[in-house]
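I opened a new notebook page for this one and went through the structure a piece at a time. Here is what I looked up, in the order I looked.

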Amino acid sequence: MESVDRNALALQLELDTAEAESQAQTVTQKVDAWRRVTLADAFTPRPEVAPVVAGILQRQSISIWYGAPGVQKSLLIADLCQCVISGTHWLRGADRSGGFEVMRTSAAWLDLDNGAVRTLKRFEAIARGHGFDEHAARQLEPLHIWPLPLPLPSGKDTALMLELGDYCKRERIALLVIDNLQRISAGLDEKTNEMDSVM
């Protein structure tokens, strides 16, 4: 009986050791895959990060736009998208002067809130408000719209978010809008640390 127990313990120890070595190898592979920089890299000249909206929004950044329900946050940001794809100053005055300079580039809208009919109606109205008809709209930079993709994507789905990032790089999209934070966060409370995984 004692020899059986010793054999069982030896086997369990061997299995535990193999599992620990496997986990250590996995961790090593992960660390080796990380992008490593050094202090010398800090002294290497880097290109300036271009603003998407001068003084407000830069490329390679995350921005969360807050406001009370019903204050038309989505319309404001949709108007920003229209200005970006057309290269039109954003929030110009009634005489079409002033406003914020924008980078003319492709944009994308991940609609998790309104659906195709309402979203497309809004974008058509905004384009017409800026003086673009159907023909003129075809001359603008692309605006990629995904209306209510099902199942709704989750910001916690790292693989999906990385693929979305890769898509934006391939299509040269400098502005990605996700409307809205509540739906991309898979029901998490915005005031908790759980939101870190979404962000």
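**Surface and overall make-up**

I began with the outside: the protein exposes about 14,100 Å², and carbon and sulfur atoms supply 55% of that area. I noted straight away that this is a predicted model. Next I checked burial, and buried residues make up 27% of the 199 residues.

Then I turned to secondary structure and found eight helices and five strands. Reading from the N terminus, I wrote the order down as α-α-β-β-α-β-α-α-β-α-β-α-α. I also looked at how far contacts reach along the chain. Among contacts between residues at least 6 apart in sequence, 64% join residues at least 24 apart.

**The sheet**

Which order do the strands of the open sheet take? I read E4-E3-E5, three strands with parallel pairing. The edges are strand E4 (143–147) and strand E5 (173–179), each of which pairs on one side only. From one strand to the next, the twist averages 10°.

I wanted the E3–E4 pairing in more detail. Strand E3 covers residues 106–111, and five bridges join E3 to E4, the two running parallel. For one residue pair to click on, I took Ala107, whose bridge partner in E4 is Leu143. A reminder to myself: strands of a sheet pair through backbone hydrogen bonds, either parallel or antiparallel.

**Helices across the sheet**

Which strands does H3 lie across? I found H3 across E3, E4 and E5, running at about 155° to E3. Helix H4 (residues 116–129) lies across E3 and E4, and its angle to E4 is also about 155°.

**Two residues I followed inward**

I picked Ile77 in helix H3. Is Ile77 buried or exposed? Ile77 has a relative accessible area of 10%, and buried means under 20%, so Ile77 counts as buried. Setting aside neighbours within four places in sequence, I listed Trp65, Trp109 and Val177 as the contacts of Ile77. I also took a distance to Asp179: the residues are 102 apart along the chain, and their C-alpha atoms are separated by 9.4 Å.

My second pick was Ala174, in strand E5. At 16% relative accessibility, Ala174 is buried too. With neighbours within four places in sequence left out, Ala174 is in contact with Val52, Arg59, Met103, Thr105 and Ser106. I looked at Ser106 in particular: Ala174 and Ser106 are 68 residues apart in sequence, yet 6.3 Å apart in space, C-alpha to C-alpha.

**A nonpolar patch**

Back on the surface, I looked for nonpolar side chains. Ile56, Trp65, Leu76, Leu91 and Phe100 form a nonpolar patch there, with about 400 Å² of accessible area together. I had already met Trp65 as a contact of Ile77. Trp65 lies in the loop between strand E2 (57–58) and helix H3 (73–86).

Why can Trp65 be part of a patch? Patch members need over 30% relative accessible area, and Trp65 reaches 34%, so Trp65 is partly exposed and passes that cut-off.

**Salt bridges**

How many salt bridges does the structure hold? I counted four, and I wrote up some of them below. Side chains of opposite charge can pair when their charged atoms come close.

- Arg128 and Glu124 meet through their side chains at 3.0 Å, N to O. Both lie in helix H4, four residues apart, about one turn of the helix. Glu124 is partly exposed, with a relative accessible area of 42%.
- Arg138 and Glu134 form a salt bridge at 2.9 Å, N to O. Arg138 is exposed at 60% relative accessibility, and Glu134 is exposed at 54%.
- Glu163 and Arg170 meet at 3.5 Å, N to O. Glu163 is partly exposed at 41%, whereas Arg170 is exposed at 52%.

I paused over that last pair. Exposed means over 50% relative accessible area, so Arg170 at 52% falls in that class. Glu163 at 41% lies between the 20% and 50% limits and therefore counts as partly exposed.

Definitions and conventions
Residues are numbered from 1 along each chain as its sequence is written. This is a predicted model: local features need pLDDT of at least 70, side-chain atom pairs count only at pLDDT 80 or more; totals for chains, interfaces and linings use all residues. Side-chain values use heavy atoms; hydrogens and water are left out. Patches are made of residues with over 30% relative accessible area and no salt bridge: like charges are joined within 9 Å, nonpolar side chains (Val, Leu, Ile, Met, Phe, Trp, Tyr) within 5 Å. Accessible areas come from the Shrake-Rupley method with a 1.4 Å probe; for residues, only the protein chains shown count as cover. Buried means under 20% relative accessible area, exposed over 50%, partly exposed in between (1.4 Å probe, protein chains only). Two strands pair if DSSP finds at least two bridges between them. Axes are lines fitted to C-alpha atoms, for helices over the stretch in contact, and angles run from 0 to 180 degrees between N-to-C directions. Contact means heavy atoms within 4.5 Å.
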